[in-house]
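Thank you all for coming. I would like to take a few minutes to walk through one model with you, and I will ask you to keep the structure in view while I talk.

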Amino acid sequence: MKILVTGTHGQLATSLVEVAAGMPDITLVRVGRPGFDLSDPSSIRRAIIAEKPDIVVSAAAYTAVDRAEDERDQAYQVNVVGAACVAEAAATLRVPVIHVSTDYVFSGEASHAYLEGDEAEPKTVYGYTKLRGEHAVASANPRHLILRTSWVYSPFGSNFVRTMLRLAAERRAIAVVADQWGNPTSALDLAAAILLVATHRARDRYGIYHVTGEGETNWAGFARHVFRASAAHGGPSAEVKDIATAEYRTKARRPLNSRLCCDKFERTFGWRAPPWQVSTEEVVRRLLEVDYRNQSQGTGV
Ligand SMILES: NC(=O)c1ccc[n+]([C@@H]2O[C@H](COP(=O)([O-])OP(=O)(O)OC[C@H]3O[C@@H](n4cnc5c(N)ncnc54)[C@H](OP(=O)(O)O)[C@@H]3O)[C@@H](O)[C@H]2O)c1
């Protein structure tokens, strides 16, 4: 089976390559800039049609949450128009598209873990473009699976775990927000879920699903676990000071509740991610083996 993944150096695209390497029945091709640009529809169609994949995984996106507040048009072009073109090209080939979306489609004001059918009410430009992207993908290709995820980290690219390790190497104490709750998700686990769906079970199970790491925490709890895991491997560790969202200003408002309920995915596909703590320990171990301080290894979000 030939799987086409959009994005070259992204956390998820890189994780898909790594997980697929252990699956002999899969040929995975990545398309990315400059030949494939989500803000250039003709490059999208050309790249996807030329590869003739059996399924398309739409992993690339405009992910700079704060910058999107000032770059509304660019974010819209990539996350809505570009995402729709990817889905449309897959539809032309009569193959499914697995499109990745986000907890930011919700307001974050609910008190429960969000279900797929809950009202989406984004509070940021990024969340708005990702929601419109979901709608555009669904109307461009009836064979679609939209997987919403959250708090993605991995051994690749820029992410919270890498940032915490870098800061711990520089400071004794770090202030981390303790009133935003969510489900940390290893991109490697998400990649495993996507490849499971792509290879066996996509057919006739189209629709929206939530897929995250198992269990929930807040950013401060996440940071403490990163430091426990790091210390256990002789890496840097720091004291975590809890702060409130109001004390940590960001251009785009962060959801207080990012928790996504993944029961539908488990009922449908018989798969649930490992506990977030276990996957975090593995990613910390791997980051300590490379130069985690080097942000240029990241994708810059
Ligand atoms: N990161 C999170 O915490 C998080 C949370 C929820 C949902 N998600 C969603 O999960 C998916 C994967 O995220 P990620 O963490 O892997 O993102 P990432 O590490 O920021 O990677 C983004 C990817 O998109 C590509 N890209 C951006 N603009 C492009 C353009 N104009 N044309 C072609 N490619 C472009 C980048 O290309 P280059 O390779 O050229 O840099 C990169 O490969 C995205 O849909 C994101 O919205 C992420």
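What follows is a tour of some helix pairs and then of a few single residues.

Please bear in mind throughout that this is a predicted model.

Let me begin with helix α3, residues 72-92, and helix α4, residues 125-140, whose axes lie 8 Å apart and make an angle of about 20°. With the limit for this class set at under 35 degrees, α3 and α4 are therefore roughly parallel to each other. The crossing in which α3 passes α4 is right-handed. On the α3 side the contact is built from R72, A75, Y76, N79, V80, A83, A84, A87, E88 and A91, while α4 contributes V125, Y126, Y128, T129, K130, R132, G133, A136, V137 and A140. Sorted by character, the residues of this contact of α3 with α4 comprise 13 nonpolar, three polar and four charged. If you look at the spacing along such a list, it helps to recall that an α-helix has 3.6 residues a turn, so residues three or four places apart point the same way.

Helix α3 has another partner to consider, namely helix α2, residues 41-51, and here the axes come within 9 Å and cross at roughly 35°. This crossing of α2 past α3 is right-handed. From α2, the residues P41, I44, R45, I48 and I49 meet Q77, G82, C85, V86, E88, A89, A90 and T92 of α3. The contact of α2 with α3 divides into eight nonpolar residues, three polar and two charged. You may notice that E88 is listed in the contact of α3 with α4, and that E88 is also listed where α3 meets α2.

Let me turn now to helix α5, residues 160-170, and ask how its axis is placed against that of helix α9, residues 276-289. The two axes come within 10 Å and cross at roughly 55°, which makes α5 oblique to α9. The crossing of α5 and α9 is right-handed, and the contact is made by V161, R162 and L165 from α5 together with V283, V284, L287 and L288 from α9. Of the residues in that contact of α5 with α9, six are nonpolar, none is polar and one is charged.

Is α5 itself mostly enclosed or mostly open? Eight of its 11 residues are buried, so α5 is largely enclosed by the rest of the structure. Those buried residues are F160, V161, R162, M164, L165, R166, L167 and A168, and what they pack against is β6 (152-153), β7 (173-177), α7 (219-232) and α9. At the start of α5, a side-chain oxygen of N159 comes to within 3.1 Å of the backbone nitrogen of V161.

From the helices I move to single residues, starting with R148, which sits in strand β5, residues 144-149. With a relative accessible area of 3%, R148 is buried. Which side chain does the side chain of R148 meet in a polar contact? It is that of E134, at 2.8 Å. In addition, a polar atom of the R148 side chain lies 3.5 Å from the backbone oxygen of E116. Setting aside residues up to four places away in sequence, R148 touches a list of residues that includes S101, T102, I208, Y209, H210 and L260.

A little further along the chain, S150 is placed in the loop between β5 and β6, and at 2% relative accessibility S150 counts as buried. Beyond its neighbours within four places in sequence, S150 is in contact with D103, N183, P184, T185, T212, S258 and L260.

In strand β4, residues 97-102, we find V100, which is buried with a relative accessible area of 9%. V100 and L12 are 88 residues apart in sequence, yet their C-alpha atoms are 9.5 Å apart in space. L12 is indeed one of the residues that V100 contacts, and among the others are S58, K130, L147 and I194.

Finally, M1 lies in the segment before β1 (2-6), and at 36% relative accessibility M1 counts as partly exposed. Apart from its neighbours within four places in sequence, M1 is in contact with D25, I26, T27, D54, I55, A198 and T199.

Key. Residues are numbered from 1 along each chain as its sequence is written. This is a predicted model: local features need pLDDT of at least 70, side-chain atom pairs count only at pLDDT 80 or more; totals for chains, interfaces and linings use all residues. Side-chain values use heavy atoms; hydrogens and water are left out. Axes are lines fitted to C-alpha atoms, for helices over the stretch in contact, and angles run from 0 to 180 degrees between N-to-C directions. Helices (H or I, at least four residues) and strands (E, at least two) are DSSP runs, numbered from the N terminus. Angles under 35 degrees count as roughly parallel, over 145 as roughly antiparallel, 65 to 115 as roughly perpendicular and the rest as oblique. A crossing is left-handed if the near helix is turned anticlockwise from the far one by less than a right angle, and right-handed if clockwise. Contact means heavy atoms within 4.5 Å. Ala, Val, Leu, Ile, Met, Phe, Trp, Tyr, Cys and Pro count as nonpolar, Asp, Glu, Lys and Arg as charged, and the others, Gly among them, as polar. Buried means under 20% relative accessible area, exposed over 50%, partly exposed in between (1.4 Å probe, protein chains only). A polar contact is a pair of N or O atoms within 3.5 Å; within protein, one must be able to donate a hydrogen and the other to accept it, and residues adjacent in sequence count only if both atoms are side-chain atoms.
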